[in-house]
Amino acid sequence: MDYRNKIILAPMVRVGTLPMRLLALSYGADIVYTEEIIDWKLLKSERFVNDILQTIDYVDKTDGSIVFRTCNSEIGKVVLQLGTASADRALQVGKKIQQDIAALDINMGCPKDFSIKGGMGVALLYDLERAKCILKTLVDNLDIPVTCKVRILPEFHETINTVKELESTGIAAIAVHARTKLERPRHPPHPEVIREIVSAVKIPVIANGGSSDIHKRADMLKFRDACGATSVMIARAAQWNCSIFRPEGPLPIENVIHEYLRLSVDYDNSPSNTKYCIQMILRDLQETKLGRQFLDSQTLEQICEVWNFGSYCRKKQLEYHNAGIRGRRQACPRVQLYIKDDSLPTKKAKTIDSMLFDGVIEHNVSFIRVNYNDDKDLPKSKLYIYTVKNNLKIPKYEVIHKDKLFKAIVLVGDNKYSSSFWEKNKKYAEQSAALTCLLQLGIVKREELIQNGSMIS
Ligand SMILES: Cc1cc2nc3c(=O)[nH]c(=O)nc-3n(C[C@H](O)[C@H](O)[C@H](O)COP(=O)(O)O)c2cc1C
């Protein structure tokens with residue numbers, strides 16, 4: 001990866017997911033950073049080749065959420081930013097993921113409590129030995145470039161010393177946010193400090209922190225030149241209007257939202273992430289009639305509808321559905337299951353496989369707690385009442401546990417029911433099994449479940 005003369009989309013939590021990265025590239029960014037992803041999240045994720053979306057997905061096995069999704073269009077241009085305090089864990093992540101990214105960056109600038117308490121982000125600048133150990137371990141053992149993103153320190157000589165120490169690990173470049181850990185975005189950046197860093201090191205320096213004065217591509221270059229830096233990295237200005245990367249000048253935000261939505265639909269981005277990114281674009285406009293209509297929307301289709309894009313979303317979602325797309329919550333261990341069998345004298349777990357589910361009635365329903373205000377409306381309560389009223393034995397639940405995931409089978413009358421989804425805890429698994437039974441018995445309606453998000457249409 002060549003870090004010279006590059007215009008870069010900065011790492012931004014929740015913003016730097018695949019649709020925004022692709023949008024930035026399409027408008028003229030040369031390199032795009034992911035949002036910061038914490039090491040253990042990547043470590044417990046599983047890599048899938050998604051043939052339907054033509055993406056590579058790292059999926060959280062516990063809830064089916066996408067930890068990192070990438071595709072061919074960003075090959076050679078996507079830098080994954082890692083939040084870590086451990087050389088060991090960082091290396092495990094690096095080895096697991098290096099085939100799918102252009103470079104690995106370590107976050108050494110985040111001032112948030114969560115990061116600092118975990119010894120990550122800016123805490124690493126105050127624990128230089130650990131910071132160097134992480135970088136050196138990665139540089140020595142990975143096949144891709146390794147970089148870090150730092151903030152400046154309150155004392156000038158400390159900043160220079162720290163950056164030189166980090167350079168000594170063999171990193172390929174360093175991004176510098178020209179503010180100290182206590183300075184907020186409203187405070188002016190310090191381009192003069194970046195200038196001194198540039199003179200002190202030999203590796204490319206990426207200048208960051210100028211968004212308040214960046215309204216078009218030429219302003220990015222101006223900030224880069226004020227810092228004397230090799231490249232420039234933009235966060236907030238791109239979050240507000242990603243088309244600022246365009247050499248021809250930025251576009252109206254309606255165009256940007258339209259293009260962003262198209263990518264969100266094409267790459268099946270989650271509605272909550274899509275909504276967040278659009279909120280960041282709309283800012284004050286959320287107070288308008290259109291903004292309020294947008295804030296009321298929940299599904300991707302409803303969000304698209306606000307910009308008259310609903311039919312494209314419906315068409316695409318149907319296409320993916322017919323092609324058999326995995327639901328976002330459909331994280332299913334593919335290995336054998338173990339079930340505790342009290343009848344075995346050794347108390348050993350009995351190995352079973354998915355034959356266990358033969359003859360079990362399944363539906364793609366999941367239990368979403370916020371859908372139930374009152375305990376008596378919970379699926380298990382409803383099912384219990386149903387059995388009492390119909391003189392049936394009360395429902396009997398059997399729970400299977402694998403890889404921190406749970407699935408329940410409920411016996412009602414002569415039939416067994418189970419959701420085809422794995423849930424994150426035993427209670428939820430029992431509720432979703434009960435919900436499956438209620439659906440099969442016609443006590444709850446399919447449309448109602450689709451409407452409240454418990455079922456994928
Ligand atoms: C919404 C948001 C999320 C951010 N998330 C990250 C992150 O994950 N990792 C990181 O190193 N910096 C993160 N930052 C900081 C930016 O990358 C950048 O350093 C800072 O905003 C200054 O650059 P700017 O003036 O171009 O906005 C974030 C900033 C914003 C606004």
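## Strand β9 and its neighbours

A175 stands opposite I206 in strand β10. This pairing comes from a predicted model. Strand β9 covers residues 173–177, and β10 covers residues 205–208. The two strands run parallel and are joined by 4 bridges. Together with helix α7 (residues 191–200), β9 and β10 make a right-handed β-α-β unit.

Is β9 enclosed or open to the outside? Of its 5 residues, 5 are buried, so the strand is largely enclosed by the rest of the structure. A residue is called buried here if 20 or more other C-beta atoms lie within 10 Å of its own. The cover is found on both faces of β9: A173, A175 and H177 are buried on one side, and I174 and V176 are buried on the other.

## Strand β8

Strand β8 (residues 146–151) pairs with β9 in the parallel sense, over 5 bridges. Within this pairing, T147 has A173 of β9 as its bridge partner. Strand β7 (residues 103–108) also runs parallel to β8, and 5 bridges join the two. Here the bridge partner of I106 is C148 in β8.

β8 is mostly covered, with 6 of its 6 residues buried. On one face the buried residues are V146, C148 and V150, and on the other they are T147, K149 and R151. β8 also takes part in a right-handed β-α-β unit, which it makes with helix α6 (residues 156–167) and β9.

## The nonpolar cores

Which residues have the most contacts inside the largest nonpolar core? They are I174, V176, I206 and A207, in a core of 89 residues. The largest share of this core comes from helix α1 (residues 18–27), which gives 6 residues. A second, separate core has 23 residues, among them A429, A433, A434 and L449.

I206 can be followed further through its contacts, leaving aside its neighbours within four places in sequence. I206 is in contact with A173, I174, A175 and V176, and also with A229, T230, S231, V232 and M233. Its other contacts on this count are Y3, I8 and the residues already named.

## The mixed sheet

Further along the chain, 4 strands form an open sheet in the order β14-β17-β16-β15, and the pairing in it is mixed. β14 (361–363) and β15 (396–402) stand at the edges, each with a single partner strand, so one side of each is left without a neighbour in the sheet. Neighbouring strands of this sheet are turned against each other by 25° on average, direction ignored.

One pairing in the sheet is that of β16 (residues 405–412) with β17 (residues 415–419), which run antiparallel and are joined by 3 bridges. In this pair, V410 has Y417 of β17 as its bridge partner. Helix α16 (residues 426–440) lies across β14, β15, β16 and β17, and runs at about 40° to β16.

## Helix α14

How far does helix α14 reach from its first C-alpha to its last? The helix has 13 residues (310–322) and reaches 18 Å, close to the 18 Å expected at 1.5 Å a residue. After α14 comes G324, with a positive phi near 90°.

## Two residues with positive phi

Most residues other than glycine have a negative phi. Q54 has a positive phi, near 60°, and is not a glycine. Its place is in the loop between β3 (45–50) and β4 (55–60). Why does Q54 count as exposed? Q54 has 12 C-beta neighbours inside 10 Å, and a residue is exposed if the number is 12 or fewer.

R283 is another residue other than glycine with a positive phi, in this case near 45°. R283 is found in the loop between α11 (271–282) and α12 (289–296). R283 is exposed, with 12 other C-beta atoms within 10 Å.

Technical notes: Residues are numbered from 1 along each chain as its sequence is written. This is a predicted model: local features need pLDDT of at least 70, side-chain atom pairs count only at pLDDT 80 or more; totals for chains, interfaces and linings use all residues. Two strands pair if DSSP finds at least two bridges between them. A crossover is right-handed if, with the strands pointing away from the viewer, the path from the first strand over the helix to the second runs clockwise. The expected span of a helix is 1.5 Å times one less than its number of residues. Axes are lines fitted to C-alpha atoms, for helices over the stretch in contact, and angles run from 0 to 180 degrees between N-to-C directions. Two residues are in contact if their C-beta atoms, placed from the backbone, lie within 7 Å. A nonpolar core is a set of buried Ala, Val, Leu, Ile, Met, Phe, Trp, Tyr and Cys residues joined through C-beta atoms within 7 Å.
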